[in-house]
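New notebook page. I want to get my bearings in this structure before I look at single residues.

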Amino acid sequence: WFVAPWHAQAVTFTALVGNGSPASGVVGEQLSSDSTALELTFSDGSRVTLEQATRARITATTSKGADVLLEEGSLHAAIDGSRADRRWNFRAGPYTVEVKGTEFDTSWDPTERALSVVMQHGVVVVRGPGLAPRRLAAGERLDVRASEARSADATEREAAQASASVE
């Protein structure tokens, strides 16, 4: 007998547009919420809500989750954590928020290069320039600016070079 390998299906999503009617989501397509929030529902039970004046894209989907690019604005994510192998990533500028199952709010201001993450429950890990991987749990908040992170990196490099030249 020949048994074909089983391949898990990638999560799919729908967007509830302004009039409340669902539209199939397309990976890579820009999603915008102008005057009202835009709710995305995923086949794994996860939900992402784009707040007013937000632009984002679902850049990839797999059987374990999705990659979301937050171009500008704020979103609320409620990711189903019932499976241990869950893999969701939210990218904003140079930062990545890695999620397994949680609920949080995040915002990105590309002009200020500022990221904010506010946790409701669960755990995420935030990575980015000048920021050691930062674990956030329920009730915690992280606010960071990419320009400040670059400045901190440069200061650390200069200090390391100065101490190396002294030895």
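Below are my entries, going from the whole chain down to one strand and two residues.

**Entry 1: what I am looking at**

I remind myself that this is a predicted model. I looked up the confidence before anything else. The protein chain averages a pLDDT of 81, and 79% of the residues score at least 70. Residues 1–7 have a pLDDT below 50, and beyond near neighbours in sequence I find zero contacts for that stretch in the model. At residues 150–167 the pLDDT also stays under 50; there the model has three contacts beyond four places in sequence.

**Entry 2: the whole chain**

I looked up the secondary structure next: 12 strands and one helix. Reading along the sequence, I get β-β-β-β-β-β-β-β-β-β-β-β-α, with the helix coming after the strands.

How much of the chain is buried? Of its 167 residues, 32% count as buried. The chain exposes about 9400 Å², and carbon and sulfur atoms supply 51% of that area. I also checked contacts between residues at least 6 apart in sequence: 39% of them join residues at least 24 apart.

**Entry 3: strand 7**

I picked strand 7, residues 65–79. Why call it largely enclosed by the rest of the structure? Because 11 of its 15 residues are buried.

I then went through its pairings one by one.

- Strand 5 (residues 47–50) pairs with strand 7 in the antiparallel sense, over four bridges. Here R47 has A78 as its bridge partner.
- Strand 6 (residues 54–62) runs antiparallel to strand 7, and seven bridges join them. T62 stands opposite G65. These two strands form a hairpin, with two residues between them.
- Strand 8 (residues 88–92) runs parallel to strand 7, with three bridges. V68 stands opposite F90 in this pairing.
- Strand 9 pairs with strand 7 in the antiparallel sense, over seven bridges. A78 turns up again in my notes, this time with E103 as its bridge partner.

**Entry 4: T106**

From strand 7 I moved on to strand 9, residues 95–109, where T106 is found. Is T106 buried or exposed? Its relative accessible area is 6%, so I put it down as buried, the cut-off being under 20%.

Which residues does T106 touch, not counting those up to four places away in sequence? My list is L70, G73, S74, L75, L115, S116 and V117. L70, G73, S74 and L75 fall within strand 7, residues 65–79. For S116 I noted one more detail: its backbone oxygen lies 2.8 Å from a polar atom of the T106 side chain.

**Entry 5: R135**

I wanted a second residue to set beside T106. R135 is found in strand 11, residues 131–137. Is R135 buried or exposed? With a relative accessible area of 55%, R135 is exposed, since the cut-off for that is over 50%.

I looked up its contacts too. Leaving aside neighbours within four places in sequence, R135 is in contact with V123, V124, V125 and E140. For V124 I wrote down the spacing: 11 residues from R135 in sequence, and 5.8 Å in space, C-alpha to C-alpha.

**Entry 6: where I stopped**

My two residues ended up on opposite sides of the bookkeeping: T106 is buried, whereas R135 is exposed.

Key
Residues numbered from 1 in each chain as written. Predicted model: local features only at pLDDT ≥ 70, side-chain atom pairs only at ≥ 80, totals over all residues. Heavy atoms only, no water. Buried < 20%, exposed > 50% of the residue type's maximum accessible area, 1.4 Å probe, protein only. Contact = heavy atoms within 4.5 Å. Areas by Shrake-Rupley, 256 points an atom, 1.4 Å probe, with all protein chains shown as cover. Polar contact = N/O pair within 3.5 Å; in protein donor to acceptor, adjacent residues only side chain to side chain. pLDDT = per-residue confidence, 0-100. Pairing = 2+ DSSP bridges.
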